[in-house]
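Grab a coffee and work through these exercises with the model open beside you. Each one sets a task, then walks through the solution.

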Amino acid sequence: MKLITAVVKPFKLDDVKDALKAAGIAGMTVTEVRGFGRQGGHTETYRGAEYQIDFVPKVSIDLVVDDANVDTVVDTILTAAATGKIGDGKVWVTDVDRLVRIRTGEEGADAV
Amino acid sequence: MRNKRALRIISGLGGAAAIVAIVPSIAHAQEVSETQAILDNIWVFIAGCLVFFMQAGFALVEAGLTRAKNVVNIFAKNLSDALIGVLAFFACGYAFAFGSGGGKLIGSGPYFLNGEDLTTFPGMDDPTALHLTVATTFFFQVVFAATAVTIASGAMAERTKFSAYLIFSAIMTAFIYPVVVHWTWGGGLIKQMNIGDAVYSDFAGSGIVHMTGGIAALMGAAFLGPRIGKYGPDGKPRAIPGHNIPFAILGVFILWLGWFGFNPGSELFADAFVMTVALNTMLAAAAAGVVTTIVIWAKAGKPDLAMIGNGVLAGLVAITAPCGAVTPMMSVVIGAIAGVLVVYSVFFFDKVHIDDPVGAVSVHGVCGAWGVLSVGLFAKYDDAFLGREDAGLFYGGGIDQLAMQLVMVLVIAAWVAATTAAAFFILKKTIGLRVTAEEEMQGLDILEHGLAGYAPDMAHT
């Protein structure tokens with residue numbers, strides 16, 4: 001099993017979710033996050049004084065998938081989240097040692 | 001043309017009786033109908049209710065333009081200053097303001113409204129006299145007192161010790177503000193001044209209420225010093241954006257609505273001029289908001305909504321003094337000028353390290369002074385204070401009225417600056433005016449009040 005984490009533009013969340021559901025993914029966890037990469041921040045003014053927004057709002061998506069599905073899921077996210085402009089985000093894949101469904105106690109692939 | 005009201009001095013029972021005793025030969029024994037007196041009282045009561053609801057507007061503007069970690073403290077201050085204000089004004093503020101016993105510097109009269117006849121309509125044989133009962137007058141005046149004190153709250157936001165603010169609220173509503181009222185609406189010092197034919201005019205309190213609050217706000221912000229992080233190491237001002245702009249703008253709308261009690265209610269009669277005053281108030285607010293939008297858009301590149309909210313309020317504060325004396329077109333001009341003033345004033349105070357999170361000093365102090373002065377420029381009609389038509393400089397009244405208005409601004413500003421500075425100085429040296437740096441960084445809500453404004457939804461189900 002792998003944990004796939006994708007940090008995407010907030011307005012792309014719906015597209016990514018719909019694409020993943022269409023690809024047969026049954027669940028995910030979403031977190032509102034802030035951060036910066038190459039896009040950097042930008043300067044705003046408030047009541048005449050400037051302030052720097054270094055941490056841009058993004059949405060982080062977490063989902064655990066069976067090894068066989070990793071490439072499909074990553075490709076689906078890449079397609080659905082892309083705008084081609086700077087700040088589209090990143091996707092990364094991490095190993096998962098153990099997965100348990102709380103209600104039934106099922107483990108591993110059964111719990112995905 | 002305006003129905004001239006001979007005397008606009010609100011007095012306690014003794015004063016009212018004295019006036020009636022002096023003027024019967026002037027009155028043409030024209031009786032006032034009881035219906036008219038009831039209408040006057042009911043209208044002023046409703047206006048007072050609108051003014052009271054401005055407390056909610058002040059709370060929302062202040063809470064919206066500051067950070068989430070202080071939101072409980074801000075609502076606590078705005079509630080408590082109303083609570084304390086009502087009791088302090090009842091105990092002695094009303095007597096200091098309107099009591100007939102004192103001299104020209106301070107009134108003295110029944111304290112705690114003790115022994116006052118609350119229900120009799122005075123001046124029923126004189127259509128030009130006020131017909132408000134003592135209860136109506138107290139109700140309308142006490143909500144103004146609560147307004148004057150709450151203005152300072154915004155400028156002192158996010159760093160003031162709660163206990164120190166409570167004591168300041170009591171001093172303000174028991175003594176500092178009532179003295180200003182006594183000097184003006186109460187018939188004292190400023191009321192007795194004149195420059196040629198010019199006597200002071202401040203219809204609903206640009207100077208008496210708003211500038212008084214604005215100067216207190218300036219002193220509070222100055223004695224406190226800026227919030228941690230407001231100025232960078234190079235001394236340049238940094239923005240600390242408010243956490244809830246919808247709060248702030250809802251607050252602006254509530255204040256704007258409340259102003260239709262503040263200004264038209266100050267007519268103190270249910271008559272045809274109420275709507276003129278309301279119209280002027282509406283126009284000035286709109287003009288100021290539009291002009292502020294243009295100015296801030298040009299200066300900062302964006303139509304900054306927080307600043308536009310300040311602009312609307314600036315127009316309302318400015319029209320508060322001249323609303324009974326000027327034409328609708330001049331109300332637009334007065335509002336428009338306030339809309340420019342407020343932007344440059346906010347920039348100025350930011351630069352000189354007066355950290356005013358909501359712009360109270362600029363909105364109420366600067367535009368309050370502008371409102372008082374504008375009477376000297378634009379007054380065309382007799383608002384029952386001026387006692388003459390065409391008093392303004394631009395209507396051939398000469399410089400006298402402007403000079404008189406300036407004297408009034410200087411006298412009130414000097415009094416309020418001196419007394420609030422003394423109060424803040426003593427508070428700073430005794431119980432302390434400011435919270436600790438640790439408390440300021442963590443937010444006042446948890447450490448001052450033990451309560452989070454936006455608690456996580458983790459209660460047991």
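**Exercise 1. Work out how many helices and strands chain B has, and how its radius of gyration compares with the globule rule.**

Start with the count: this is a predicted model, and in it chain B has 14 helices and zero strands. Reading along the sequence, you just get α fourteen times over, with no β anywhere in the pattern. Next, take the radius of gyration, which is 22 Å for chain B. The globule rule gives 23 Å for 461 residues, and the two values are close, so chain B is as compact as a globular protein of that length. Along the principal axes, its C-alpha atoms fill a box of roughly 70 × 50 × 45 Å. Finally, look at the inside: buried residues make up 59% of the 461 residues. Of the contacts in chain B with a separation of 6 or more, 77% come from residues 24 or more positions apart.

**Exercise 2. Do the same for chain A: find its helices and strands, then decide whether it is compact or spread out.**

Chain A has two helices and six strands, laid out along the sequence as β-α-β-β-β-β-α-β. Its radius of gyration is 17 Å, while the globule rule gives 13 Å for 112 residues. That's well over the rule, so chain A is more spread out than a compact globule. The C-alpha trace spans about 60 × 30 × 20 Å along its principal axes. Buried residues make up 21% of the 112 residues here. Still, 72% of the contacts between residues at least 6 apart in sequence join residues at least 24 apart.

**Exercise 3. Find the order of the four-stranded open sheet in chain A and say which strands stand at the edges.**

Trace the sheet across: the order is E2-E5-E1-E6 (chain A), and the pairing is antiparallel. Now check the ends. Strand E2 (29-35) and strand E6 (89-95) of chain A each have a single partner strand, so one side of each is left without a neighbour in the sheet. On average, neighbouring strands are turned by 20° against each other, ignoring direction.

Zoom in on one pair. Strand E1 (residues 2-8) of chain A pairs with E6(A) over seven bridges, in the antiparallel sense. To find your place, look for A:Ala6, which stands opposite A:Val91 in E6(A). Then add the helix: H2 (residues 70-81) of chain A lies across E1, strand E5 (56-65) and E6 of chain A, and runs at about 5° to E1(A).

**Exercise 4. Describe how H7(B) and H9(B) pack: what is their crossing angle, and which residues meet?**

First, the geometry: the two axes come within 10 Å and cross at roughly 10°. Because angles under 35 degrees count as roughly parallel, H7(B) is roughly parallel to H9(B). Second, the residues. H7(B) brings B:Ile245, B:Ala248, B:Ile249, B:Val252, B:Leu255, B:Trp256 and B:Trp259, and they meet B:Leu305, B:Ala306, B:Gly309, B:Val312, B:Leu313 and B:Leu316 in H9(B). Third, sort them by type: you get 12 nonpolar, one polar and no charged.

**Exercise 5. Find the loop residues B:Glu158 and B:Leu268, and work out whether they are buried or exposed.**

Both are worth a look for their backbone angles. Most residues other than glycine have a negative phi. B:Glu158, however, has a positive phi of about 75°, and B:Leu268 has one of about 65°.

B:Glu158 is in the loop between helix H4 (134-155) and helix H5 (162-183) of chain B. B:Leu268 is in the loop between helix H7 (245-265) and helix H8 (273-300) of chain B. The cut-off for buried is 20 or more other C-beta atoms within 10 Å. B:Glu158 has 23, so B:Glu158 is buried; B:Leu268 also has 23 and counts as buried.

For contrast, try B:Glu31, in the loop between helix H1 (13-22) and helix H2 (34-64) of chain B. With 11 other C-beta atoms within 10 Å, B:Glu31 is exposed. Not counting residues up to four places away in sequence, B:Glu31 touches B:Met124 and B:Asp125.

**Exercise 6. Work out how many residues of chain B contact chain A, and which helix gives the most.**

Count first: 14 residues of chain B are in contact with seven residues of chain A. Helix H9 (305-319) and helix H10 (328-351) of chain B are the elements that give two or more residues to that side. H10(B) gives the most, with three. By type, the chain B side divides into eight nonpolar, two polar and four charged residues.

Conventions
Residues are numbered from 1 along each chain as its sequence is written. Chains are lettered from A and ligands numbered from 1 in the order in which they are written. This is a predicted model: local features need pLDDT of at least 70, side-chain atom pairs count only at pLDDT 80 or more; totals for chains, interfaces and linings use all residues. A residue is buried if 20 or more other C-beta atoms lie within 10 Å of its own, exposed if 12 or fewer, and partly exposed in between; C-beta atoms are placed from the backbone. Two residues are in contact if their C-beta atoms, placed from the backbone, lie within 7 Å. Ala, Val, Leu, Ile, Met, Phe, Trp, Tyr, Cys and Pro count as nonpolar, Asp, Glu, Lys and Arg as charged, and the others, Gly among them, as polar. Axes are lines fitted to C-alpha atoms, for helices over the stretch in contact, and angles run from 0 to 180 degrees between N-to-C directions. Angles under 35 degrees count as roughly parallel, over 145 as roughly antiparallel, 65 to 115 as roughly perpendicular and the rest as oblique. The radius of gyration is taken over C-alpha atoms; the globule rule is 2.2 Å times the number of residues to the power 0.38. Two strands pair if DSSP finds at least two bridges between them.
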